[in-house]
Amino acid sequence: MTDRTPLMVGNWKLNLDHHQGIQLVQKLAWSLKDAEHDYEAVEVAVAPSFTSLRSVQTLIDADELGIKLSSQDISSHAKGAYTGEVSAEQLTALGVDFAIVGHSERRDYHGESDTIVGAKVAAAIAAGITPILCVGEKLEVRQAGEHVSLTLSQIDGALEGLSAEQVADVVVAYEPVWAIGTGEVATPEDAQEMAEAIRARVAETVDPDVAAGMRILYGGSVKADNVAAIMAKPDVDGALVGGASLVVEQFAAIAGFRSL
Ligand SMILES: O=C[C@H](O)COP(=O)(O)O
């Protein structure tokens with residue numbers, strides 16, 4: 001048994017304008033209400049584009065929806081001449097609860113190193129935002145049998161220099177890159193293997209109690225029809241969902257670990 005509250009996060013990526021985002025959250029809230037979703041038993045968050053955060057936050061606040069808000073990225077810088085960046089302080093002012101950090105798409109397309117990812121994790125924590133630290137290997141790394149060591153090196157790199165107290169505020173998302181948006185899902189056993197390895201590493205390098213309480217999500221083609229098997233694994237505490245989070249019926253079912 002664990003007292004880790006499951007967390008389901010919908011990462012909308014580069015989809016939906018703010019009108020569409022409002023509609024999706026409204027429909028999601030209705031759908032979860034119909035399903036009598038208990039937000040304290042399973043936390044639900046959405047991660048819209050920066051341009052939609054304000055609109056979605058206003059709706060969530062006005063209607064007192066239980067849905068939480070995440071950004072898809074966060075700057076490591078506090079302020080200044082960093083064109084295009086959005087700071088932790090700015091996100092805090094919007095009531096953002098979580099920030100996705102180090103998603104493989106940021107690492108791949110925007111050159112984010114473990115050092116940059118670590119700085120973003122620290123910036124989020126300092127502002128009271130829970131970072132969702134993404135780690136995971138590419139296909140060739142898995143085929144070479146180096147998926148665990150690579151992923152743990154990402155964990156080490158991102159958490160380096162943080163105190164146990166700071167790490168206690170981190171959520172980790174294990175996302176094998178080969179399973180993202182491809183329809184290829186890691187098996188529940190693959191997800192469990194890595195979640196267990198991550199927890200053991202944090203226990204060893206940070207603190208056993210922090211590791212025991214750390215939420216570790218799985219991400220990569222999670223759908224209603226595979227969520228229950230993934231969530232049945234003891235070290236998997238939730239999911240970071242891409243494509244299926246854009247489909248209300250899918251994401252509402254995923255939040256309840258239900259198939260359709
Ligand atoms: O952030 C979400 C992940 O990249 C998974 O995306 P996906 O569910 O579309 O495979």
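**Exercise 1.** Show why helices α5 and α7 are oblique to each other.

*Solution.* First, the ground rules. This is a predicted model, where local features need pLDDT of at least 70, side-chain atom pairs count only at pLDDT 80 or more, and totals for chains, interfaces and linings use all residues. Residues are numbered from 1 along each chain as its sequence is written.

Step 1: find the helices. α5 spans residues 114-126, and α7 spans residues 147-159. (Helices are DSSP runs of H or I with at least four residues, strands are runs of E with at least two, and both are numbered from the N terminus.)

Step 2: take the geometry. The two axes come within 7 Å and cross at roughly 50°. (Axes are lines fitted to C-alpha atoms, for helices over the stretch in contact; angles run from 0 to 180 degrees between N-to-C directions.)

Step 3: classify. Under 35 degrees is roughly parallel, over 145 roughly antiparallel, 65 to 115 roughly perpendicular, and the rest oblique. So α5 and α7 are oblique.

Step 4: list the contact. D114, T115, V117, G118 and V121 of α5 meet Q154, G157 and A158 of α7. (Contact: C-beta atoms, placed from the backbone, within 7 Å.) These residues divide into three nonpolar, four polar and one charged. (Nonpolar: Ala, Val, Leu, Ile, Met, Phe, Trp, Tyr, Cys, Pro; charged: Asp, Glu, Lys, Arg; polar: the others, Gly among them.)

**Exercise 2.** Describe how α7 packs with α9.

*Solution.* Step 1: α9 covers residues 188-205. The angle with α7 is about 45°, and the axes lie 10 Å apart. This pair is therefore oblique.

Step 2: α7 contributes V148, T151, L152, I155 and D156. α9 contributes M194, A197, I198, R201 and T205.

Step 3: sort these residues. Six are nonpolar, two polar and two charged.

**Exercise 3.** Trace the barrel and place α9 on the sheet.

*Solution.* Step 1: the closed barrel has eight strands in the order β1-β2-β3-β4-β5-β6-β7-β8, with parallel pairing. (Strands pair if DSSP finds at least two bridges between them.) The twist averages 25° from one strand to the next.

Step 2: check β1 (7-11) against β8 (238-241). Four bridges join these parallel strands. M8 has A239 as its bridge partner in β8.

Step 3: α9 packs on the sheet and touches β6 (171-174) and β7 (216-219). Its direction makes about 145° with that of β6.

**Exercise 4.** Which residues are closest to the ligand?

*Solution.* Step 1: the ligand has 14 residues around it. (The cut-off: a C-beta atom, placed from the backbone, within 6 Å.) The closest are N11, I180, G219, G242 and G243.

Step 2: by class, the shell holds five nonpolar, eight polar and one charged residues.

Technical notes. Two residues are in contact if their C-beta atoms, placed from the backbone, lie within 7 Å.
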